[in-house]
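Me: I should like to learn how to read the local and global features of a model such as the one shown here. Please take them one at a time.

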Amino acid sequence: MKVITANFVTCSVKECKTSPSAFPLHFHDAELEMQELDFQPEFIRNVLPRIDWEALRVTANELGFPSLPESKPEGEALDDEQTLKDLHRLLLETQVMEGRLICGNCSHEYVLKEGIANFLLPSHLV
Amino acid sequence: MESAEIYEQRNVHEVYQQIAEHFSSTRYKPWPIVERFLKELQPGSVGLDVGCGNGKYLTVNKDVFIVASDRSENLARIALQHQPHSTVVADIMDLPHRNAFFDFAISIAVVHHISTPARRVQAIAEILRTIRCGSETESGGKILIYAWALEQKNSRRGWDKGDPQDIMVPWIRKAKSTDDEPQTFNRYYHLYEEGELERDIDQAGGHVLESGYEKDNWWVIATPKFLS
């Protein structure tokens, strides 16, 4: 699972959808792998407005990247190729291959195996 | 009587796990309506492909980001190869996504596998829940739902108005090697009659923007209703 994806998922449990503590889910025991992808500066610029920066900072911290700026790069900062390259590397190239995602609201754990997170709920939670 | 969930587990989910590889090798050409819908999106849009199968729609528009999901882990693994997108295993009835956030969602040939009218409406409502709502001044996010039609008398199946709508359709998995036999798997389908998909979407809280018929399927583009 890519780091960007953690910005677009939350807990599958219905009651958690409206709870601020369910987002973002928290990574535990994450094993990372870098996967090289074509660098598309335009794509990063376009998608950035849809990123919840606070949530991304939480995720990045948990994965061992504590150096994210406090606020989202905007305006002229987006003309800087290195800024965009760093974001490309973090958001798209950094893959969580193994580990767990834990909901901060209900504590349910989702398992990540071979790069895929499984969000199916056991029948008692459906 | 067994529950709808268990019925679907046996007659849909387990079948796709078994036929994933062969099924995927037969699904590569995007349907024109789906292609148009994806190509018209604004660059930087973020959306969902619910029931993505092998992920054949992930490559249509390289300027948008899609979180794809499928109930079958075997299909989700096949879809994972389509960069720069992401694939997760999830159930359409309980999607792991925030409320009212996404710019678009597609769900192509998926809701026809759900075995009761109430669950079909609930599945569409679950997709609509994730979509950004519009207002007086701004249009909301859009979904495209595509489902198999009852009215397809010119197809090789030949069904038409008046035929049963809840049926089992065989999938014949070709032999994997010379000493293997072809195997038949039956999948459950609900064939949609004219107007039915629009009714389900309305009941699920969607406002139909456009609808039509393409290649033996009914399709609808809709947006979440908003209170003015």
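Me: Where is Ala109(B) found in chain B?

Reply: Ala109(B) is located in the loop between S4 and H4 of chain B. Helices (H or I, at least four residues) and strands (E, at least two) are DSSP runs, numbered from the N terminus. The model is a predicted one, in which local features need pLDDT of at least 70, side-chain atom pairs count only at pLDDT 80 or more, and totals for chains, interfaces and linings use all residues. Residues are numbered from 1 along each chain as its sequence is written, while chains are lettered from A and ligands numbered from 1 in the order in which they are written.

Me: What is the phi of Ala109(B), and how many other C-beta atoms lie within 10 Å of Ala109(B)?

Reply: Phi is near 60° at Ala109(B), a positive value in a residue other than glycine. A residue is buried if 20 or more other C-beta atoms, placed from the backbone, lie within 10 Å of its own, exposed if 12 or fewer, and partly exposed in between. Ala109(B) has 17 such atoms and is therefore partly exposed.

Me: Which phi does Ala100(B) have?

Reply: Ala100(B), although not a glycine, has a positive phi of about 45°. Ala100(B) sits in the loop between S3 and strand S4 (104-108) of chain B. Because Ala100(B) has 14 C-beta neighbours inside 10 Å, this residue counts as partly exposed.

Me: Which residues of helix H5 of chain B are buried?

Reply: In H5 (residues 196-203) of chain B, the buried residues are Leu197(B), Asp200(B) and Ile201(B). Seen down the axis of H5(B), they fall within an arc of 100°, so they line one face of the helix. The arc is that of the directions from the helix axis to the C-beta atoms. For packing, two residues are in contact if their C-beta atoms, placed from the backbone, lie within 7 Å. The buried residues of H5(B) pack against helix H4 (117-129) and strands S5 (142-148), S8 (206-214) and S9 (217-224) of chain B. After H5(B) comes Gly205(B), with a positive phi near 95°.

Me: Where are cis peptide bonds to be found, for instance before Pro24(A) and Pro84(B)?

Reply: The bond from Phe23(A) to Pro24(A) is cis, with omega near -5°. Pro24(A) belongs to the loop between helix H1 (3-6) and strand S1 (26-34) of chain A. In chain B, Gln83(B) and Pro84(B) are joined by a cis peptide bond with omega of about 0°. Pro84(B) lies in the loop between helix H3 (73-79) and strand S3 (86-89) of chain B.

Me: How should a sheet be read, and what is the order of the strands in chain A?

Reply: Strands of a sheet pair through backbone hydrogen bonds, either parallel or antiparallel. Here two strands pair if DSSP finds at least two bridges between them. In chain A, four strands form an open sheet in the order S1-S2-S3-S4, with antiparallel pairing. Its edge strands are S1 and S4 (116-117) of chain A, each of which pairs on one side only. Strand S3 (residues 109-113) of chain A is joined to S4(A) by two bridges, and Lys113(A) stands opposite Ile116(A).

Me: How many residues does each chain give to the contact?

Reply: Chain B gives 23 residues and chain A gives 28. On the side of chain B that touches chain A, S3(B) gives the most, with four residues.
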